[in-house]
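Here are a few exercises to work through with the structure open beside you. Try each task before you read its solution.

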Amino acid sequence: MSAIIIDGKAFAAGLRERLTGAVAAFGASVGTAPGLAVVLVGEDPASQVYVRSKAKQTVEIGMRSIEHKLPASVSQRDLEDLVRRLNADDAVDGILVQLPLPPGLDATPVIALIDPFKDVDGLTDASAGRLASGRAGLVPCTPLGAMMLINSVLPDIAGAEAVVVGRSNLVGKPIAQLLLQQNATVTIAHSRTRDLAAVCRRADILVAAVGRPEMLGADHVKDGAVVIDVGINRIPAPDLGEGKTRLVGDVAFDAVVGKARAITPVPGGVGPMTIACLLRNTLTAARLRRGLADTA
Ligand code: NDP
């Protein structure tokens, strides 16, 4: 069997193109473009790269990017005051606090302050509660992107067996909720699951969100399953040269590709969807705040 390799990079580019049109239409009717405020604290190089990339893509699709860079020495109180000001600022539709915060700062109370209607990362308790109870709200970006890729090959998943490996609040649990919303029969597996391979082999849709390089192999995959690999792991790659590394997922791609009906590669699968979904959420937030229908 030859699996469909789900091209997340191309899908994300298509989503950004659709959003560009929708953002222009929003601007024409409301008189202003949606605005995304990103808060970066400290000098973490990976966070700086993410924030630059988010800002660039925000502007590229016609939205406003509002960046707040704070030193790692900022006090918890000043950081929380900034979030309060962004909540109150009518020009801000979405607020994202780049995580992790530097040592000494506590992310939990900062995230808890974000207005749920501006919570474009979908990380507040209010957003999680809305998702769990099936009400309209903002959904964490990576799970939203993973779900779009599932629907790109399986538009109707009602009754399908779905197994999500991983139960984090950021990835595993929200993906499970989204699958449930679309009427899949959902199992969530984790580090205490007995006979993980047998549980995974039940899956028509297998989602790996573990953070362990190539942990799921051919033994975990039913013939014809759709395999979504959320994992991003950097491992040593001595074949590429001394000190070199490469990115791999939680799924042993080469071992599984012959069994799956469709599979996401790493890199180039779920990863590129995250920022595109952040932009999507910013437009959604801008519409929801104004009582407009969320159509794109
Ligand atoms: P966490 O470490 O928060 O959660 C990992 C989950 O995997 C836990 O629920 C844990 O179970 C489970 N787990 C660990 N070991 C095993 C095992 N041996 N068998 C079964 N389950 C196990 O990770 P995240 O959810 O934040 O991230 C998961 C992966 O997704 C990472 O590789 C991360 O880099 C990637 N990621 C990718 C993103 C993107 O594409 N943009 C965004 C976010 C994450 P337990 O709860 O029992 O400990």
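The exercises below use a predicted model and go from the sheet to a helix and then to annotated residues.

**Exercise 1. Find the order of the strands in the open sheet, and name its edge strands.**

Solution. Start by tracing the sheet from one side to the other: six strands follow one another as β1-β11-β8-β7-β5-β6, with parallel pairing. Next, look for strands that pair on one side only; these edge strands are β1 (4–5) and β6.

**Exercise 2. Work out how β5 is joined to β6 (residues 185–189).**

Solution. First count the bridges: there are five, and the two strands run parallel. Then pick out a facing pair, such as V164 with I188 of β6 opposite. Finally, follow the chain from β5 through α7 to β6; this β-α-β crossover is right-handed.

**Exercise 3. Describe the pairing of β7 with β8.**

Solution. Four bridges link β7 and β8, again in the parallel sense. To locate one of the partners, begin at I205 and step across to V226 in β8.

**Exercise 4. Check the span of helix α6 (residues 141–153) and find what its buried residues pack against.**

Solution. The helix has 13 residues, and at 1.5 Å a residue the expected span is 18 Å. From first C-alpha to last, α6 reaches 19 Å, close to that expectation. Now list its buried residues: C141, T142, P143, L144, G145, A146, M147, L149 and I150. Their packing partners are α1 (8–30), α7 (172–181), β7 (205–208), β8 (226–229) and α10 (273–289).

**Exercise 5. Place R167 and I232, two of the residues under the UniProt annotation "binding site", and decide how exposed each one is.**

Solution. The annotation comes from an unreviewed UniProt entry and covers G166, R167, S168 and I232.

- Take R167 to begin with: it sits in the loop between β5 (161–165) and α7. R167 has 18 other C-beta atoms within 10 Å, so it is partly exposed. Leaving aside residues up to four places away in sequence, R167 touches G172, K173, I188 and H190.
- Turn to I232, in the loop between β8 and β9 (233–236). I232 is partly exposed because 18 other C-beta atoms lie within 10 Å. With residues up to four places away in sequence again left out, I232 touches L247, V266 and G271.

For the cut-off, 20 or more such atoms would make a residue buried, and 12 or fewer would make it exposed.

Technical notes: Residues numbered from 1 in each chain as written. Predicted model: local features only at pLDDT ≥ 70, side-chain atom pairs only at ≥ 80, totals over all residues. Expected span 1.5 Å × (residues − 1). Contact = placed C-beta atoms within 7 Å. UniProt positions renumbered as here; feature names shortened; annotations may be inferred. Pairing = 2+ DSSP bridges. Right-handed = clockwise from strand over helix to strand, strands pointing away.
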